[in-house]
Amino acid sequence: MYKNKILVVDENRLDAIKIKEKLEKLGYKILTATTGKEGIKIAIENNPEIILVDLQLTGKMSGIEAVKKIHTYHNIPVIYMTDYWDEEILEKVKLTNPYGFIVKPLKISEVNANIQMAIYKHQSDSNKREFSERITAIIPAYNEQVTIGSVVLKTKMYVNRVIVVDDGSTDKTVEIAVLAGAEIIRHKTNMGKGKALKTGFEVSKGAQIIVTLDADGQHSSSDIPKLVKPIIDGEADIVNGSRYIDGDDKNTPSYRRVGQTVLDKATNFNAKTHITDSQSGLRAFASYTIPAFKFRETGYGIESEMIIEASNAGFKIVEVPIGVRYDVDGSKMNPLSHGIGVLVKVLQDIEFNRPLYYFTIPGVIMIAVGLISGLIFFGSYLDHRSSSLAPTILAALLTIAGTFIAFTGIILHSISRMIERVLD
């Protein structure tokens, strides 16, 4: 059984026969041609996996010109053979994106190695192209008629499907998004960003990669290729676009950065990660990560929740630098109330994800304070410096409460470990 079908185009018929005999011994099926015209005809009719072509061919057509013609019909990897080359020839060769370049006289081991590498690289490139063609963008939108059109149009340049989840808009967001070419999913009432993302993920079946971005125009759609590349290359499961990975973004207002830092610290503590921009709305997800997300948070706390759940599921999260604009009409929420709401949600999650820190450590502190203060108060009572046992009783109650809280943390920690083992 032959490994692969290979076309050898060489003006020297004897050389072509020698290459054919040696490669057939290695298990390849070999087709031969001596002119560019003949090579084009055979390539079009047989669609070989690899073409070995001599740069200098008999007749008016060079090997490079023959390859250009073949590539208008089939995307076949090409390896050039030559006994003469210079910088000018190399520059012309580069334009045809060759997979190899071999100088004559040929060594069959070198030819075989080039063929194997070309086959592997071509298959890898094909997989990446197929993967990138199945990218879906989800854009949650609420009253974004000013920006939604341009966001959709720019996003369509980098993905093959754009889904706008209209979260109960009362303006012309839907009409403009439709005109721009987006698919529309509508919520009758405003349900929050978390719900909008949940709806978007549910209708993104068939996508290999899902990209999320905000509808207010703050994100640059041109950053999408950077986001999806680590997933396509197998280097990440989830990619977070970060405004701060290279340091503080000078465009970020100072009051926003202070709040962001607090939320980043809380999220990273909860998720055991080192994310530099936990509130980024520009992210990419491999499709197999989607079942990890429960979408319990309906509002903007969803950004932190998704990082925590992804980390708990063991997915690899990578960050890439992105740009952001603050000269557009951005968040409709008060930054202070938004930040406090997200922080409260993250702290609530710590109760379940890190019970030893949430319960046991505070409990141990309460026990220590209760015991020390109790001894001090009781000593004062025995020395007649105090006539009441009330402070001692309060210290004892504090010790008991601390003991109860500490053991609660230990029990919850044990339960969570048991659940993890069952799920594994």
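## A tour of the sheet and Asp167

Start with the open sheet: five strands in the order β2-β1-β3-β4-β5, paired in parallel. This is a predicted model.

Now select the edges. β2 (29-33) and β5 (100-103) each have a single partner strand, so one side of each is left without a neighbour in the sheet. Look along the strands next. On average, neighbours in this sheet are turned by 20° against each other, direction ignored.

Select β1, residues 5-9. β1 pairs with β2 through five bridges, in the parallel sense. Zoom in on Val9: opposite this residue, in β2, stands Ala33.

Add the helices. Helix α2, residues 36-46, packs on the sheet and touches β1, β2 and β3 (50-54). The direction of α2 makes about 145° with that of β2. Then show helix α3, residues 63-71. α3 also packs on the sheet, where it touches β3 and β4 (78-82). Its direction makes about 170° with that of β4.

Next stop: strand β7, residues 161-167. Select Asp167, which lies in this strand. Which side chain of opposite charge is nearest to Asp167? Select Lys195: it is 9.8 Å away. Asp167 is buried, yet has no salt bridge; the cut-off for one is 4 Å.

Turn to His187 instead. Its side chain and that of Asp167 are joined by a polar contact of 2.8 Å.

Finish with the surroundings. Leaving aside neighbours within four places in sequence, Asp167 is in contact with Ala141 and Tyr142. Also in contact with Asp167 are His187, Thr189, Asn190, Met191, Gly192 and Lys193. Show them as sticks to see what surrounds this buried residue.

Terms used: Residues numbered from 1 in each chain as written. Predicted model: local features only at pLDDT ≥ 70, side-chain atom pairs only at ≥ 80, totals over all residues. Heavy atoms only, no water. Helix = DSSP H or I, 4+ residues; strand = E, 2+ residues; numbered from the N terminus. Buried < 20%, exposed > 50% of the residue type's maximum accessible area, 1.4 Å probe, protein only. Lys, Arg positive; Asp, Glu negative; His and termini not counted. Polar contact = N/O pair within 3.5 Å; in protein donor to acceptor, adjacent residues only side chain to side chain. Contact = heavy atoms within 4.5 Å. Pairing = 2+ DSSP bridges. Axes fitted to C-alpha atoms, helices over the stretch in contact; angles between N-to-C directions.
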